[in-house]
Amino acid sequence: MWKKSFIVFLFSLSALKTALNCETRTGTNICFPEFTSPSLDVKTNVVMKGQNISLICSNQNKSLQIAYSLFRHDKYLRTQTGKGEPVIFNLSISEVRDLGPYKCKAEVSNCQKYSHEFSFTFVDPVTTPMLNVNVIQTKTDRYITLHCISLNGSLPINYTFFEKDIAISPVISKDVREPAEFNLTKKNTGEGEEYRCKAKNRLPGHAKYSQEFLVPSRGGDSCPFCLHLLLPGLLLVLIVIILILAFRILPKYKARKAMRDKVSRDYGNTPMEGGIYANVCKNQADKESVPGLEPRRFISTAQNETGHSQEIHYATPIFREMTPQDHGTSTPVIRQQFCQVGS
């Protein structure tokens, strides 16, 4: 009798175990007390398009062999197995659908647990900001106004101003695309100062710094910006002087050039006419160089460039030999009288 009772007890115990296992598989109760829901972790929830990210799925239990599966929405992606260590899923976020939500499933002996859901957000990185510095100086103080703006990047953007490598302003957050402004007053020590600013949004590791702006030193009572103010004025004066000289010299140059061209044209006709005169004089000298003969005048006509006739008068040259006694010298001297031409 007692044997039958023992067999019934064992059968009841087995049936109870089976019922508990079915309840565990179909319900939300924990399969094992040490088996908890997995966690899904990532370094940041903001990403750029095309950025590679790593999702880490882990469980507090370090002794069980756990199979981790990754899902996006309800779509299965892949499975990795780990024991005592988390598993890492590497993904690339290039489209809107890649933003999620993601969740991780941990499974042991038909016992399944899901992590919380996780989604990413697209953020555009900031570009190199531009720094503008306005300075008003007195003999004792400097009043400095700094402006910094990044023209691209997802808002909000946080700005910080630096003197050399030391932050001189709190973080200034801007939810609209406008420059951040910071004012400071410093004693005028006469030394130069360097400023720059940093722009950063929610995207980690993508902060940008502006170029350094050097406020020049002030020597004595001189104005540190006098050179910047005088250079444009001096350049303007130089341009005006050059224009005045050009307007005054150019007409004179043109007039002289025209005169030279006219003289060149006149001289271009002189060799021909001179040749005529010289030949005539020579011919007449050969014919009339008889001593004691009276000089005679000849009249000839010639045409100029325009085709008009001109009357030319020629005179006969006279050659006479002089004796040394006439001049008190021992060297014979020949005196020559050239042709005279008249029109």
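Student: In this predicted model, in which loop does Pro156 lie?

Tutor: The model is a predicted one. Pro156 belongs to a loop that separates two strands, the second of which spans residues 157-163. The loop in question is the one between β11 and β12.

Student: What is the form of the peptide bond from Leu155 to Pro156, and what is omega there?

Tutor: The bond that leads from Leu155 into Pro156 is cis. Its omega is near 0°.

Student: Which residues are joined by the cis peptide bond with omega of about 10°, and where is the proline of that pair placed?

Tutor: The cis bond with omega of about 10° joins Gly100 and Pro101. Pro101 is placed in a loop that follows β6 (87-93). The strand at the other end of that loop is β7.

Student: In what order do the strands of the 4-stranded open sheet stand, and which strands are at its edges?

Tutor: Strands of a sheet pair through backbone hydrogen bonds, either parallel or antiparallel. In this sheet the pairing is antiparallel, and the order is β5-β4-β7-β8. A strand at the edge pairs on one side only, and this holds for β5 (75-83) and β8 (111-114). The edge strands are therefore β5 and β8.

Student: How many bridges join β4 to β7, and which residue of β7 stands opposite Phe71?

Tutor: Strand β4 covers residues 65-72 and strand β7 covers residues 102-108; the two run antiparallel and are joined by 6 bridges. The residue of β7 that stands opposite Phe71 is Lys103.

Student: Which residues in the loop between β7 and β8 have a positive phi although they are not glycines?

Tutor: Ser109 lies in this loop, and its phi is positive, at about 50°. Asn110 is found in the loop between β7 and β8 as well, with a positive phi of about 65°. The residues asked for are Ser109 and Asn110.

Student: Is Ser109 buried or exposed?

Tutor: The relative accessibility of Ser109 is 60%. A residue counts as exposed when this value is over 50%. Ser109 is therefore exposed.

Student: What is the strand order of the 3-stranded open sheet, and why do β10 and β15 stand at the edges?

Tutor: The strands are arranged as β10-β11-β15, with antiparallel pairing. Because β10 (130-137) and β15 (180-187) each have a single partner strand, one side of each is left without a neighbour in the sheet. From one strand to the next, the twist averages 20°.

Student: How many bridges link β11 to β15, and what is the bridge partner of His147?

Tutor: Strand β11, residues 141-149, runs antiparallel to β15, and 8 bridges join them. Thr145 stands opposite Asn183 in β15. For His147, the bridge partner in β15 is Glu181.

Student: How many residues lie between β10 and β11 in their hairpin, and which residue of β11 is the bridge partner of Leu131?

Tutor: β10 and β11 run antiparallel and are joined by 8 bridges. The hairpin that they form has 3 residues between the strands. The bridge partner of Leu131 in β11 is Cys148.

Student: How many of the residues of β11 are buried?

Tutor: A residue counts as buried when its relative accessible area is under 20%. Strand β11 is largely enclosed by the rest of the structure, because its buried residues number 7 of the 9.

Terms used:
Residues numbered from 1 in each chain as written. Predicted model: local features only at pLDDT ≥ 70, side-chain atom pairs only at ≥ 80, totals over all residues. Heavy atoms only, no water. Axes fitted to C-alpha atoms, helices over the stretch in contact; angles between N-to-C directions. Buried < 20%, exposed > 50% of the residue type's maximum accessible area, 1.4 Å probe, protein only.
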